[in-house]
4 protein chains.
Amino acid sequence: MSLKTTAPQGDETILADSSNSQLARRFQQVRERSKLITQPLTPEDCVIQSMPDVSPMRWHLAHTSWFFETFLLSSNTDYQPFNERFEYLFNSYYNTVGQQFPRHQRGLLSRPGLSEIMDYRSHVDANVHRWLTSQGLSADELKVLEIGLQHEQQHQELMLTDIKHILACNPLFPAYQLPNEQPAAVASSADLQWRSFPSELTEFGYAGDDFAFDNERPRHKAYLHEFQLATRCVTNGEYLEFMLDDGYRRPELWLSLGWSAANQAAWSGPLYWIERDGQWHEFTLEGLRPLRLEEPVCHVSYFEADAFARWSGCRLPTEFEWERGSDNKSLNTAGVFFDHLLQAKQPIHPQTETSPPTHLMGNVWQWTSSSYAAYPGYQAEAGALGEYNGKFMCNQYVLRGGSCATSSDHIRPTYRNFFPPDARWQFSGIRLAR
Amino acid sequence: MSLKTTAPQGDETILADSSNSQLARRFQQVRERSKLITQPLTPEDCVIQSMPDVSPMRWHLAHTSWFFETFLLSSNTDYQPFNERFEYLFNSYYNTVGQQFPRHQRGLLSRPGLSEIMDYRSHVDANVHRWLTSQGLSADELKVLEIGLQHEQQHQELMLTDIKHILACNPLFPAYQLPNEQPAAVASSADLQWRSFPSELTEFGYAGDDFAFDNERPRHKAYLHEFQLATRCVTNGEYLEFMLDDGYRRPELWLSLGWSAANQAAWSGPLYWIERDGQWHEFTLEGLRPLRLEEPVCHVSYFEADAFARWSGCRLPTEFEWERGSDNKSLNTAGVFFDHLLQAKQPIHPQTETSPPTHLMGNVWQWTSSSYAAYPGYQAEAGALGEYNGKFMCNQYVLRGGSCATSSDHIRPTYRNFFPPDARWQFSGIRLAR
Amino acid sequence: MSLKTTAPQGDETILADSSNSQLARRFQQVRERSKLITQPLTPEDCVIQSMPDVSPMRWHLAHTSWFFETFLLSSNTDYQPFNERFEYLFNSYYNTVGQQFPRHQRGLLSRPGLSEIMDYRSHVDANVHRWLTSQGLSADELKVLEIGLQHEQQHQELMLTDIKHILACNPLFPAYQLPNEQPAAVASSADLQWRSFPSELTEFGYAGDDFAFDNERPRHKAYLHEFQLATRCVTNGEYLEFMLDDGYRRPELWLSLGWSAANQAAWSGPLYWIERDGQWHEFTLEGLRPLRLEEPVCHVSYFEADAFARWSGCRLPTEFEWERGSDNKSLNTAGVFFDHLLQAKQPIHPQTETSPPTHLMGNVWQWTSSSYAAYPGYQAEAGALGEYNGKFMCNQYVLRGGSCATSSDHIRPTYRNFFPPDARWQFSGIRLAR
Amino acid sequence: MSLKTTAPQGDETILADSSNSQLARRFQQVRERSKLITQPLTPEDCVIQSMPDVSPMRWHLAHTSWFFETFLLSSNTDYQPFNERFEYLFNSYYNTVGQQFPRHQRGLLSRPGLSEIMDYRSHVDANVHRWLTSQGLSADELKVLEIGLQHEQQHQELMLTDIKHILACNPLFPAYQLPNEQPAAVASSADLQWRSFPSELTEFGYAGDDFAFDNERPRHKAYLHEFQLATRCVTNGEYLEFMLDDGYRRPELWLSLGWSAANQAAWSGPLYWIERDGQWHEFTLEGLRPLRLEEPVCHVSYFEADAFARWSGCRLPTEFEWERGSDNKSLNTAGVFFDHLLQAKQPIHPQTETSPPTHLMGNVWQWTSSSYAAYPGYQAEAGALGEYNGKFMCNQYVLRGGSCATSSDHIRPTYRNFFPPDARWQFSGIRLAR
């Protein structure tokens with residue numbers, strides 16, 4: 001695990017000592033958290049797919065189990081699948097494994113119901129636990145287990161962003177979490193400052209021996225020109241200025257595709273911003289509430305991030321500039337992550353970045369100007385797991401840093417998230433460069 | 001009530017004696033039946049909208065309550081709405097009442113959940129009961145109550161056809177009803193015979209004083225040319241012959257629009273027919289099972305009914321010919337309806353028409369060649385209820401007779417159902433004329 | 001020929017005496033007129049297909065020749081086709097003949113060019129003339145010749161409406177005809193009066209021995225209830241009142257499908273009406289010019305005609321009521337037709353209906369409330385020509401009377417034109433009934 | 001001008017000595033060539049837009065004139081526009097200039113016709129000549145003139161690729177050029193060899209003072225890892241092997257978006273490949289003819305190029321690797337360009353790459369794996385011309401080298417062409433790296 005800098009708790013030693021009981025505990029922790037996420041939800045909530053990119057909670061809960069079943073358990077000839085039809089039903093996009101139930105129709109299924117899916121999870125859990133305790137585990141198998149856990153953590157973030165999108169479609173604006181009774185005292189956001197970095201030939205990508213995705217490798221040299229990186233992300237208040245300055249009506253600020261996307265979808269502000277009686281509100285996991293200007297802006301597309309940057313006379317950083325920023329001691333502090341908020345019973349929502357210190361990571365994913373592409377010498381994993389990353393390296397842009405919906409033991413500075421430039425339902429924000 | 005011919009039980013006297021307690025009992029019976037329909041379903045099942053024409057069970061249960069609330073209760077100034085946002089959420093298409101939540105997005109809502117909707121129903125029921133016992137009820141109000149009950153019965157049929165469509169999307173093919181353990185002994189279908197009718201100037205439309213929809217009125221004269229009507233509906237076996245004779249690949253058998261529709265949607269048989277290992281199966285409310293050749297063919301569009309008729313050298317009857325057929329003593333027997341099947345714990349599915357006697361009504365709706373249009377002198381209801389029928393009189397075709405999903409005290413020979421010519425998810429079949 | 005009432009010139013005796021030279025002259029006249037229509041156009045104009053319903057002029061000129069080649073000449077084994085690929089290229093919708101080049105892609109073809117198509121026409125003309133003079137012509141063949149001529153006259157009307165649509169797409173608003181230098185003195189439109197008709201059982205459909213389309217047959221009895229028919233069509237001024245009274249913003253005036261169509265396409269007035277600097281203009285074949293309030297309204301859909309009628313407290317006539325109107329001496333006068341305007345060098349545009357006398361026919365096609373359906377006992381023509389009419393009898397509405405773009409020797413009171421209810425590019429207007 | 005390496009004729013000195021008469025001659029040459037390209041075409045050919053990405057020849061001829069009128073002539077207060085509506089009609093995408101006639105509707109216009117557009121060209125030419133001879137020309141104005149000429153040369157390539165697409169839609173497969181009567185003796189393609197390049201930190205982008213587009217600047221450092229580049233492009237024969245090895249049916253070879261694109265559009269080979277009677281043919285500007293296996297494969301998308309590369313165990317080069325290749329003496333020879341073919345009266349089609357020597361440039365554009373993005377320090381041109389390149393830097397991939405439809409005095413090694421990854425109608429081929 002790569003988490004020394006961001007999550008210096010005991011977890012990162014688990015694979016180091018390979019103790020099966022620690023592994024089993026970690027497995028259980030991750031699996032439990034998925035159930036925890038669905039706890040505030042009704043069975044009805046867990047059926048809905050509000051757009052093709054969103055998956056029903058039912059499906060997330062089942063697919064993450066399918067992953068362990070398919071890549072870990074099914075090679076064991078003794079293993080009895082819970083239901084043989086699930087191989088087809090809960091395959092996401094692994095052509096190597098077989099055909100898939102059409103993605104955009106996931107919301108048409110009500111069966112298996114939530115409770116049967118929970119039984120499916122238990123069945124898989126019990127089998128993984130049995131496997132963990134009874135076998136001489138190979139390094140390859142342990143790696144698959146680790147990928148399965150990382151995979152589930154990715155889906156945990158998607159569950160949060162998907163349920164937010166699902167609830168936001170409802171004109172009743174139901175809350176996922178109960179609103180905090182006493183709102184946090186309003187903190188001012190920090191002044192935006194700049195950190196300077198010189199030109200240099202340096203290295204990028206994951207360097208350690210622990211787990212990292214194939215797309216973070218190999219560590220390789222690249223040349224950076226001098227640049228400056230902002231010490232905090234753009235706030236709602238700053239973004240509102242852009243809007244009030246006709247930001248959504250001036251084509252010269254936009255990429256051509258962005259201008260089309262914004263007009264076709266009639267964007268006039270970030271996703272989840274709603275104007276009511278002359279005041280801006282924001283739909284959050286706590287329901288609809290007045291916009292807080294000091295918080296980091298969130299749920300903007302790459303197109304909007306790029307237009308905002310052009311309007312402000314700056315630009316977005318490349319993913320290498322961003323990664324270089326993580327070496328700067330004044331930036332690279334631990335950020336706000338999902339597990340922290342969960343533990344503190346805080347809302348799953350970006351926190352105001354007050355001064356000092358500043359966060360490079362956490363809170364909101366940060367769009368970079370880098371198209372998602374293979375590093376020089378990139379090798380996809382062998383077999384079906386090779387479909388995990390490489391085949392998506394086209395027409396997507398890299399985001400860095402993790403968000404308030406990311407687990408702290410899942411993220412690292414070299415982590416590359418990626419979404420198409422019009423995606424807005426992730427906790428995606430803006431850090432400027434120049 | 002108009003049901004003397006089809007359901008000669010005690011119910012038809014309710015409005016005649018206007019006894020409030022009888023009315024209250026009828027109200028309760030109809031309302032109970034909606035809940036009965038959802039009994040075999042899970043909360044998850046009740047969320048899904050499998051195509052724009054289908055509505056979630058949640059929505060049916062709420063909308064039928066909304067109808068009484070909006071048209072009956074809301075004029076009472078004392079009435080406290082259950083939730084003021086429901087006026088918008090559960091309005092179907094009444095522009096006069098106000099804006100509507102978009103129809104094709106009904107499947108995006110999980111809240112109010114099933115149990116809250118049941119509370120909503122109870123709230124409405126209690127208020128209607130109070131209203132029924134405490135007031136001098138005007139004829140107008142009683143008429144609205146009656147329309148509300150008829151409306152709910154229509155939605156009961158839609159609930160059955162919608163849930164069939166929803167479950168059929170699931171590759172697990174879940175059953176709505178438990179399959180009968182011992183399948184009915186296979187009965188042969190009756191021979192198809194013809195009944196002849198002479199040319200004559202005669203009357204059509206509803207003649208009585210009881211309830212009938214505005215579109216069945218006024219009773220009016222029309223001239224019929226001599227014709228013959230088949231004594232039973234077309235069977236699965238006969239339809240299969242059409243398919244085996246390349247019926248779906250011969251454009252000369254089809255209307256031009258039908259040919260386009262069939263090709264675009266790649267129809268190769270009725271909706272719910274599935275070929276597996278060389279044998280035809282049919283998805284039913286009892287799940288997937290081998291096709292029974294002797295049963296009436298069902299879930300065909302107008303286009304398919306018309307093409308089949310052309311292939312067989314016959315044609316579809318006009319709605320007037322069909323209605324004329326109901327005067328023929330040898331045809332007009334009571335048919336197979338939803339409440340009969342429910343009481344007999346039989347599957348909600350068309351029954352084989354054995355000989356004698358023959359049914360004109362029940363089992364499957366029968367496509368006629370008549371475009372849905374106003375009768376001479378037609379007057380829509382006043383106010384919002386005028387939106388019930390008239391505004392749909394375009395590009396739809398009339399079906400007659402009711403189906404195995406229709407309540408027997410809802411149907412009558414003059415009843416005009418209507419659907420676009422490509423609709424297939426109703427229990428719609430074929431009776432030939434020539 | 002059926003034209004005794006509407007065009008009492010010598011033409012109608014042609015088939016009676018069967019003189020080949022007269023037939024040849026008529027053939028030549030009709031064929032010449034198609035070329036005359038394209039005379040004001042450039043080769044570039046003749047390529048464009050502005051929407052799927054419109055065909056390029058190139059295509060009309062070729063397809064009408066293809067018709068004679070396919071149905072008349074090709075049975076002669078001596079006949080040398082001009083180009084064998086044309087069978088495929090210029091087949092419209094005759095599945096019996098073979099596959100067709102996709103209709104919506106007709107505008108993607110530039111070859112054969114206009115001059116090669118004119119050569120194709122000459123080739124076909126020469127062969128038809130040879131056939132006419134050298135053979136003992138059978139009644140069947142003469143009928144095909146007649147259908148071919150009627151078919152070409154239908155396409156002549158389409159050529160005019162299609163080129164109007166094509167030129168209207170151009171922001172330069174080019175004129176097809178030179179505008180008349182001195183505009184006609186503005187005539188007032190006649191007062192709208194009503195003619196009454198009693199209830200009666202009477203006959204409809206074509207009764208004569210001359211040519212009529214299969215869809216006008218057989219002559220058959222039907223019962224009409226008493227009604228009144230307006231003595232003239234609705235004017236632009238009257239239609240403008242409907243618009244100013246929010247006609248396009250009041251759903252209660254519209255059919256449900258019409259309301260959707262109007263909103264989706266953002267209709268706010270008839271096709272070709274354009275507001276500029278606060279004044280309504282109309283694009284005509286003479287270019288863009290200020291709207292003339294006294295002229296008949298034109299280029300409205302069935303949906304708009306129906307909404308206008310509802311707004312005015314009246315309704316549209318059925319096609320039988322309309323046809324019954326043609327027996328009324330005060331209505332059934334000859335109207336304004338294409339050939340009359342051509343001869344008088346008048347613009348191809350509806351003329352103001354001044355008083356007296358009134359026109360039932362000509363000027364604008366009149367939407368009826370009748371869905372296009374088969375008459376009792378209808379028999380389609382045998383063979384490929386059976387695809388001419390019958391297969392379109394679905395989701396279309398009947399228009400009666402002919403327009404300023406119809407040839408007077410092509411139309412008759414029993415003539416049934418038909419278009420989908422959202423079609424607007426024909427010269428279609430409104431006559432009220434009540 | 002940047003053309004020392006590729007086109008060492010006298011032209012490149014034009015701007016150096018700034019002699020107006022030389023400039024005038026170059027202007028005339030470029031403008032003449034556009035007319036030359038349309039010479040084999042009919043007016044009908046010049047109207048058609050066969051897909052949204054294609055523009056009618058009419059439009060290209062007018063838009064390239066509009067460019068000079070708008071950016072050069074219109075600032076002169078004496079200038080009389082040819083037609084004021086043309087500013088709107090022939091603006092492509094310059095929001096700064098004003099609104100644009102919708103791009104996808106360019107094929108709906110027949111007026112102004114071809115001859116009027118030629119008059120428009122003459123009007124603009126005469127005014128540019130007058131301007132060239134009568135004024136003290138500023139460096140800024142000369143730059144705009146140069147951009148206008150480069151712009152017209154880009155459109156000349158588009159005219160060739162667009163008319164190829166247009167003619168290919170016609171089932172008659174008309175030829176743009178007469179086929180060469182004696183086909184070139186079949187030459188074998190060279191063996192594919194590899195050239196090796198070491199890791200190094202080096203410079204990329206345009207270094208000279210002559211014209212280059214803003215997207216080629218600034219010259220900047222970047223680090224390259226060692227790689228090898230193929231000495232010639234992939235041939236039709238090699239691509240056919242990929243197809244026969246089920247290349248289009250194996251998802252593991254494809255990017256995820258590519259797999260979707262290929263399936264949705266049912267790709268089974270390069271655009272313009274057609275199988276007839278068991279033999280592969282190719283539509284060329286000379287019409288349809290049997291495929292020549294030794295020629296470079298052409299009209300493949302980025303998706304297909306990428307899948308082929310994966311299948312072959314190689315990969316596509318980055319644009320930097322490609323540009324580095326141009327420094328290698330054994331690769332960087334002059335290639336096959338449009339003007340060479342025109343002069344030699346050869347077909348506009350890629351030529352077989354025989355051995356030795358090899359071409360890096362010309363023949364076919366070569367897809368690189370580089371997403372089209374700004375170079376570090378990129379500055380878009382000021383004003384409307386800033387819309388030329390920068391706003392398209394999203395979801396496009398860079399192609400390098402020019403094609404048989406590119407003018408040799410328009411291309412250079414640093415030239416960056418760009419198209420979306422599914423574009424196939426350009427002369428785009430494949431050079432492998434590893």
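In chain A, 100% of the interface residues are also interface residues in chain D, so the two copies meet through the same surface; contact here means heavy atoms within 4.5 Å. The model is a predicted one, in which local features need pLDDT of at least 70, side-chain atom pairs count only at pLDDT 80 or more, and totals for chains, interfaces and linings use all residues. Residues are numbered from 1 along each chain as its sequence is written, chains are lettered from A and ligands numbered from 1 in the order in which they are written, and side-chain values use heavy atoms, with hydrogens and water left out.

Two copies of a chain are related by a rotation about an axis and a shift along it. For chain A and chain D, a rotation of 180° with 0.0 Å of shift along its axis gives a superposition with an RMSD of 0.0 Å (least squares on the C-alpha atoms of residues with pLDDT of at least 70 in both copies). This is the relation of a two-fold axis. Within chain A, the C-alpha nearest that axis belongs to Asn395(A), 2.4 Å away.

Asn395(A) turns up again in the contact itself. The interface draws 24 residues from chain A and 24 residues from chain D. About 2,000 Å² is buried between the two chains, 61% of it on carbon and sulfur atoms; buried area is the accessible area (1.4 Å probe) that two parts lose on being put together, summed over both. Together, Tyr223(A), Cys394(A) and Asn395(A) supply 26% of the area that chain A buries against chain D, more than any other three residues.

Turning to polar interactions, zero salt bridges are found across the interface of chain A and chain D (a side-chain nitrogen of Lys or Arg within 4 Å of a carboxyl oxygen of Asp or Glu). Polar contacts, by comparison, number five residue pairs, both residues at pLDDT 80 or more; each is a pair of N or O atoms within 3.5 Å, one able to donate a hydrogen and the other to accept it, and residues adjacent in sequence count only if both atoms are side-chain atoms.

Chain A also pairs with chain B. A turn of 180° and a shift of 0.0 Å along the axis lay chain A on chain B with an RMSD of 0.0 Å. Here Glu44(A) comes closest to the rotation axis, its C-alpha at 2.5 Å.
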